[in-house]
Amino acid sequence: MITLTSYLQDRWVSGTGRAATLVDPSTEAPVATASTEGLDFAAALHHARTVGGPALRALSFAERGALLKAMSRALHEKREELLDLSTLNNGATRGDGKFDVDGATGTLAAYARLGTSMGDARFLLDGEAEKLGGGARYVGQHLYLPRPGVAVHVNAFNFPAWGTFEKIAAAFLAGVPVVTKPATATALVAWRAVQIIVEAGILPPGVLSLVAGGAGDLLDHLGPQDALAFTGSADTAATLRRGAGVAARSARVNIEADSLNAAVFAPDVEVGGALWHAALRNLVTDLTQKTGQKCTAVRRILVPESMAGDLADALVAELSRVVVGNPAVDGVTMGPVATAGQLRDARRGIALLQEEADLLLGGADALDGVGAPAGKGYFVRPTLLRARDSATARQVHAHEVFGPCATLLPYDGSAATAAALVARGEGCLVSSVYAEGRDWLGPFLMEAAPWNGRVVAATDKVADQVLPPGMVLPNQVHGGPGRAGGGEELGGARGLAFYWNRTAIQSDLGALRALFGVK
Ligand code: NAP
């Protein structure tokens, strides 16, 4: 049994008291324990602010990028080990593990390249100097400077590698040290990944800390220049927003939360055509990848009534081929959900959706996974439902089943109706729309896009290239309005702004030229 330790003040430390037990979700066998009881988080944050912050801020963007590149390489060298841990503690198939682990190294590498392109600077000018007085000498210049604080990252259970390092990549490049906290139940991969980075001796002291276990009083110590980037459920997000660090001391906060993402078929999609097949591929990937435990997975499938039967048949045929079981066993194509709690929630959620939707495949019944001990493991069937009335249905637009489950919502084919149904989700991370032509697409996007952080708008011209909407890219924003948390991460350089303060300096142009390179 592995004992997870936390890395605070540049030392590995163990908590005391009762530890949480991490299990293999395919067998329920314990694999590790984690405790953070008694750890001094106030001192850890202080150390990061006072030792890690100055060290990072002294580096240029290119030098910070070089750190990210070295981190990416170090993790990639241990890829196989991390993939095995991902199967052990996340129930991930090899493909699911790669999505997480390669997502982490790929995002680090992308931000490393961005750092190289930003060169020798250590901060950025925002716009140009603007004249403030009668003459040319007195001007105002906006600057982006790294916040002299620490970024605390609190992550969800589903992406222990990517979630940890996509946030770290932006924070480090911006010049801000990080205390990262993975979800306890699946902390094994994040813990080992941080261990790999520490053992490789890449980072200056104080720059990276890990809390492996419960958050305890960590967030109570957030100060005015600190930032909290949270990924997880809307309920936890609401609690964290009320914490003193955020509510009273204005620590900056970014929330990535639940989302009822939609996939929309326009009426001009040809059944059986190239775009149809692209959509089908994406839907099956989204439903089954990581056993549907992706914040970006499609939950609602809007399809014109005339097409609904064909789509239901095609999806049922594809999803029926999925082999659910222990991903350590050959032939299994979808693993369990990550925890007993997730299993309970997924089953309850499916039952809730059945109040207003008919089951086409799957359902909430218990399932023994292939290659798993009888009665053990957190397995859920790929589940497809069809809403009885898309307009009056409520739960399907409000309740996220965090598992391999989606609901077909037949609609009348009009762009306005489709956009209105998307909006019923009250804010999504990403939606996808499949339309052969542009006439329907334009009005739909104008209405639906503001309800989404990202929209994959697949036309016949890109049917062969379009990526599954669940794939978050480092150079595109990730986040969404409303229910999705109202946050924004990544998006290349856009993701750095969260870690910077913008300050307008009003002074003499000569001084600003000499001090900050103002033009
Ligand atoms: P969760 O229960 O909200 O937990 C998320 C994180 O918050 C964990 O690290 C958890 O730590 C921590 N946490 C819980 N209570 C806390 C508190 N009072 N103070 C400080 N930290 C606290 O969510 P989850 O079950 O891990 O994740 C599932 C949800 O995340 C889904 O709803 C999904 O939609 C959402 N999600 C969103 C995104 C996105 O990018 N928008 C990505 C992935 C998942 P412990 O584990 O130690 O309790």
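**Exercise 1.** Why does Asn-261 count as buried?

*Solution.* Before the steps, note that this is a predicted model, in which local features need pLDDT of at least 70 and side-chain atom pairs count only at pLDDT 80 or more, while totals for chains, interfaces and linings use all residues. Residues are numbered from 1 along each chain as its sequence is written, and side-chain values use heavy atoms, with hydrogens and water left out.

Step 1: Asn-261 counts as buried because its relative accessibility is 0%, where buried means under 20% relative accessible area, with a 1.4 Å probe and protein chains only.

Step 2: The side chain of Asn-261 makes a polar contact with the side chain of Ser-259 at 2.6 Å, and it also reaches the backbone nitrogen of Leu-429 at 3.3 Å. (A polar contact is a pair of N or O atoms within 3.5 Å; within protein, one must be able to donate a hydrogen and the other to accept it, and residues adjacent in sequence count only if both atoms are side-chain atoms.)

**Exercise 2.** Find the side chains whose polar atoms lie beside oxygen atoms of the ligand, and state how much of the ligand the protein buries.

*Solution.* Step 1: A polar side-chain atom of Lys-181 is 2.9 Å from a ligand oxygen, and for Glu-400 the distance is likewise 2.9 Å.

Step 2: In the side chain of Ser-233, an N or O atom lies 2.8 Å from an oxygen atom of the ligand.

Step 3: The ligand taken alone exposes 920 Å², of which the protein buries 79%, with accessible areas from the Shrake-Rupley method and a 1.4 Å probe.

How values were computed
Buried means under 20% relative accessible area, exposed over 50%, partly exposed in between (1.4 Å probe, protein chains only).
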